Amino acid sequence: MTSTHPAHTFQDLLDEVAQAPKGPDVVAFFDFDGTVIDGYSATAVFKERLRRFDVDLFELWEISSAVVEMRVRGTTVDNLMDKAVHALAGKTHDELMEQAQRLFRSEIASQIFPQVRTLVAAHRRAGHRVVMSTSATPYQAQPVVDDLRFDDLICTHPEIGPDGVLTGLLDGRSLWGPRKAEGIEDWATAEGVDTSVCFGYSNGIEDVPMLETVGRPVALNADPELDRTARDRGWSRVQLRRPTRGADLTSTVRSVAALGSVLASAGLGATLGVLSGSRRVGANVTNAVAPEVALALTGITVNVVNEENAWSHRPAVFLFNHQSTMDMIVVARVLRRDITAVAKKELSRDPRFAPLGALFDVAYVDRSNNAAAREAMKPAIDKLHSGVSVAVAPEGTRMPTERLGRFKKGGFHLAMAAGVPVVPLILQGAGDVMWKSSFTAHSGTVTVTVGEPIPTTDWTAETLDEHIAEVRAVYERTLDHA
């Protein structure tokens, strides 16, 4: 049942999802490489193995030969997959999953198309199930499945022995081309799903059989051959915005200029603070100038939802989900004045953060020393009692995606000790404009939703975990409905 009005823009695609039948009988099947991520996970895995000197010359020759055969002779992926899986013989499933999680955090996470999250959220709002179908192995795809909260994974499975060690053989055959379509049909039969009402997303010509299996095929980020086929068949054809990673001349110049503006603003604020005899005056001047100039120079727009909640109950502990070095600039833009922060000790040596940290009298916490951490909180409590709010990232570190990390208790204890409310700041898009390990910012939009202030006056140490879970749920609801 191909749509009579095929989508050509991302908004068209979202409208098509919203207008489709509701409920779990509709499933969205996503290819992985090139469709969900901008790149190929096998390449990232192989490069990581090369960095760890986990590839010998014989395997390097075997893999290279298989790649050449695919490109020159047009052979299938099976030969390459067999050789790649053979190289995993003797490794344990648990070991490979740990490596997969590390690779996800360091590289694969940065390759996810930002709009895929929005598309997955749209399917969830419609009650649809979301399934990844790929020729890749779980050691490439599972971390992305977990991060995006797919309902299931249909993939190529290496054979695992009873001792949890890989044998070097495949459990069946690789799900490439027509076999991916067969995998979807088998899954649908087992689940009682009619694929004629389902969505299918892929970027490659080899997945025409997969797209023919579903009633709503979408050529997503299509290669030229698939794009021509989709056009001829009247399928939806949509190109997603690519992730902005790495450094280019424009973003580098903008980022350097932005850092310079922050330093200049901090200098101006420090001077005015000395002249007025008030550190708070200097900090407020910096906070009024630095974020606006830095964001303008980097081409970043900040949209604030429910901004009134940022002002209704001050002082407060403002909690923000942490994904980017840009987060503090964005938070400063939203909160504007009478604000300081609690940050990990390592940031005191970060040239991007240290100038502002000095001016705002940031409380640096040594996370390896609980006693020192509690001592560092005392100035923050004094600040709150004096009317200055405090910004805290409860995750304690930058996350590779918008998927939340574990919330630490420090910011919540701080709010309890000072008797002030906590206010959730839910940031979306910060990691898209500046990757967590990058010094370079890219133009784009960050949305900040300011949650309602949550009183802490009746909180106790015994009920703290319950209250943290309630606050976290506010983030989950907002992020899941992006």
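In helix 13, the buried residues are Asp327, Ile329, Val330, Val331, Ala332, Arg333, Val334 and Leu335. That makes helix 13 mostly covered, with eight of its nine residues buried. Keep in mind as you look around that this is a predicted model. Right after helix 13 comes arginine 336, which has a positive phi, near 70 degrees.

One name in helix 13 deserves a second look. Which residue forms a salt bridge with arginine 333? The partner is glutamate 292, and the closest N and O atoms of the pair are 3.4 Å apart. Arginine 333 sits in helix 13 (residues 327-335) and glutamate 292 in helix 12 (residues 279-298), so the pair links distant parts of the chain, 41 residues apart. Is arginine 333 buried or exposed? Arginine 333 has a relative accessible area of 15%, and because buried means under 20%, arginine 333 counts as buried. Glutamate 292, at 36% relative accessibility, is partly exposed.

**More salt bridges**

The model has 14 salt bridges by the rule used here. Here are three of the pairs side by side.

| Pair | Closest N to O distance |
|---|---|
| Arginine 242 and aspartate 38 | 2.9 Å |
| Arginine 231 and aspartate 232 | 3.6 Å |
| Arginine 333 and glutamate 292 | 3.4 Å |

Take the pair of arginine 242 and aspartate 38, whose side chains meet in a salt bridge. Arginine 242 is in the loop between strand 8 (236-238) and helix 11 (249-276), while aspartate 38 is in the loop between strand 1 and helix 2 (41-51), so this pair ties together parts that are 204 residues apart in sequence. Arginine 242 is exposed, at 56% relative accessibility, and aspartate 38 is partly exposed, at 24%.

In the pair of arginine 231 and aspartate 232, arginine 231 is partly exposed, with a relative accessible area of 46%, whereas aspartate 232 is exposed, at 62%. Salt bridges can also join up: Asp31, Lys180 and Asp207 are linked in a network of them.

**The sheet and its helices**

Now find the strands. Six of them form an open sheet in the order 3-2-1-6-7-8, and the pairing is parallel. Which strands stand at the edges? Strand 3 (152-154) and strand 8 do; each has a single partner strand, so one side of each is left without a neighbour in the sheet. On average, neighbouring strands of this sheet are turned by 20 degrees against each other, direction ignored.

Within the sheet, strand 1 and strand 6 pair in the parallel sense over three bridges. Here you can see phenylalanine 29 standing opposite glycine 200 in strand 6.

Helices lie against these strands. Helix 1 packs on the sheet and touches strand 6, strand 7 and strand 8, with its direction making about 155 degrees with that of strand 6. Helix 6 lies across strand 1, strand 2, strand 6 and strand 7, and runs at about 160 degrees to strand 1.

**Two faces of helix 10**

Helix 10 (residues 224-233) has Leu226, Thr229 and Ala230 as its buried residues. Seen down the axis of helix 10, these fall within an arc of 100 degrees, so they line one face of the helix. Which exposed residues does the face turned away from the buried side carry? On that face of helix 10 are Pro224 and Asp232. The cover over the buried residues of helix 10 includes strand 6, helix 9 (208-213), strand 7 and strand 8. Just after helix 10, glycine 234 takes a positive phi of about 75 degrees.

**The nonpolar cores**

In soluble globular proteins, nonpolar side chains tend to be buried together. In this model, the largest nonpolar core has 40 residues, of which Phe30, Val36, Leu119, Met132, Val144, Phe150 and Tyr201 touch the most other members. Elements that each supply at least two residues of this core include helix 1 (10-19), strand 1 (27-30), helix 6 (114-125) and strand 6 (199-202).

To get a feel for the packing, pick phenylalanine 150. Leaving aside neighbours within four places in sequence, phenylalanine 150 is in contact with Phe30, Val36, Val120, Val130, Val131, Met132 and Val145. Apart from the largest core lies another core, of 29 residues, among them Ala294, Phe320, Ile329 and Val433. Ile329 brings us back to the start, as it is one of the buried residues of helix 13.

Key
Residues are numbered from 1 along each chain as its sequence is written. This is a predicted model: local features need pLDDT of at least 70, side-chain atom pairs count only at pLDDT 80 or more; totals for chains, interfaces and linings use all residues. Side-chain values use heavy atoms; hydrogens and water are left out. A nonpolar core is a set of buried Ala, Val, Leu, Ile, Met, Phe, Trp, Tyr and Cys residues joined through side-chain atoms within 4.5 Å. Buried means under 20% relative accessible area, exposed over 50%, partly exposed in between (1.4 Å probe, protein chains only). Helices (H or I, at least four residues) and strands (E, at least two) are DSSP runs, numbered from the N terminus. Contact means heavy atoms within 4.5 Å. A salt bridge is a side-chain nitrogen of Lys or Arg within 4 Å of a carboxyl oxygen of Asp or Glu. Two strands pair if DSSP finds at least two bridges between them. Axes are lines fitted to C-alpha atoms, for helices over the stretch in contact, and angles run from 0 to 180 degrees between N-to-C directions. The arc is that of the directions from the helix axis to the C-beta atoms.
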